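Open the model in your viewer and keep the selection tool at hand. Each stop below says what to select and what is there.

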Amino acid sequence: MGSLYVEYKTTVSKFVKKINELNCTDNMKPLSYRVINAWLLKEGYLKVNDNNKKVPTKKGEELGLGIELRESAYGAVYNVVTFDENV
């Protein structure tokens with residue numbers, strides 16, 4: 001049985017969106033993916049590389065963070081940090 005929140009290799013922003021969809025009520029301010037990214041950086045799960053991009057640390061990889069190559073609708077290739085609960 002999978003988690004209530006994460007899908008296979010989801011991004012932080014999709015993870016937070018799902019949390020908000022399932023838990024945010026009218027009197028609550030939605031959780032921001034920036035808060036989660038800041039926490040991941042602070043706790044050493046992510047770091048900023050020489051290109052000023054966030055990448056997982058060894059500690060983050062053990063948690064299930066990884067990098068996935070994606071292509072935009074305009075053909076630009078970029079890396080995105082993903083979370084895989086099955087790692």
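**Stop 1: the hairpin**

Select strand 4 and strand 5: they form a hairpin, with five residues between them. Now pick Gly75 in the turn, which has a positive phi of about 90 degrees. Keep in mind throughout that this is a predicted model.

Stay on the two strands. How many bridges join strand 4 to strand 5? There are seven, and the strands run antiparallel. Show two cross-strand pairs. Arg70 of the hairpin stands opposite Tyr78 in strand 5. Gly66 stands opposite Thr82, also in strand 5.

**Stop 2: the sheet**

Add strand 1 to the selection. You now have an open sheet of three strands in the order 1-5-4, with antiparallel pairing. Colour the edges: they are strand 1 (10-11) and strand 4 (65-71), each of which pairs on one side only.

Zoom in on strand 1 and strand 5 (residues 77-83). Two bridges hold this antiparallel pairing. Select Thr11 and look across: Thr82 in strand 5 stands opposite. Thr82 therefore turns up in both pairings, since Gly66 and Thr11 each stand opposite that residue.

While you are here, turn on the side chains. In a regular strand they alternate between the two faces of the sheet.

**Stop 3: two helices**

Hide the sheet for a moment. Two packed helices are described by the angle between their axes and the distance between the axes. Select helix 1 (12-23) and helix 2 (33-42). Their axes come within 9 Å and cross at roughly 125 degrees. That makes helix 1 oblique to helix 2, because an angle of this kind falls outside the parallel, antiparallel and perpendicular ranges. The crossing of helix 1 past helix 2 is right-handed.

**Stop 4: the largest pocket**

Bring everything back and show the pockets. The largest has a volume of about 450 Å³. Its lining has 16 residues, and the closest to the centre are Asn37, Lys54, Asn79, Val80 and Val81. Select those five as your landmark.

Which elements give two or more residues to this lining? Helix 1, helix 2, strand 3 (54-56) and strand 5 do. Strand 5 has the largest share, with four residues. Colour the lining by residue class: eight are nonpolar, six polar and two charged.

**Stop 5: the second largest pocket**

Move on to the second largest pocket, with a volume of about 180 Å³. Twelve residues line this pocket. Select Phe15, Ile36, Leu40, Leu65 and Phe83, which lie nearest its centre.

Strand 1, helix 1 and helix 2 each supply at least two residues of the lining. Which element gives the most? Helix 2 does, with three residues. Apply the residue-class colours again: ten are nonpolar, two polar and none charged.

Methods:
Residues numbered from 1 in each chain as written. Predicted model: local features only at pLDDT ≥ 70, side-chain atom pairs only at ≥ 80, totals over all residues. Heavy atoms only, no water. Pairing = 2+ DSSP bridges. 1 Å grid on protein atoms, 1.4 Å probe; cavity = no way out; pocket = protein on both sides within 12 Å on 5 of 7 lines; lining within 4 Å. Points joined across faces, edges and corners; volume = space filled by probe spheres on them. Nonpolar A, V, L, I, M, F, W, Y, C, P; charged D, E, K, R; others polar. Axes fitted to C-alpha atoms, helices over the stretch in contact; angles between N-to-C directions. Parallel < 35°, antiparallel > 145°, perpendicular 65-115°, else oblique. Left-handed = near helix turned anticlockwise from the far one by under 90°.
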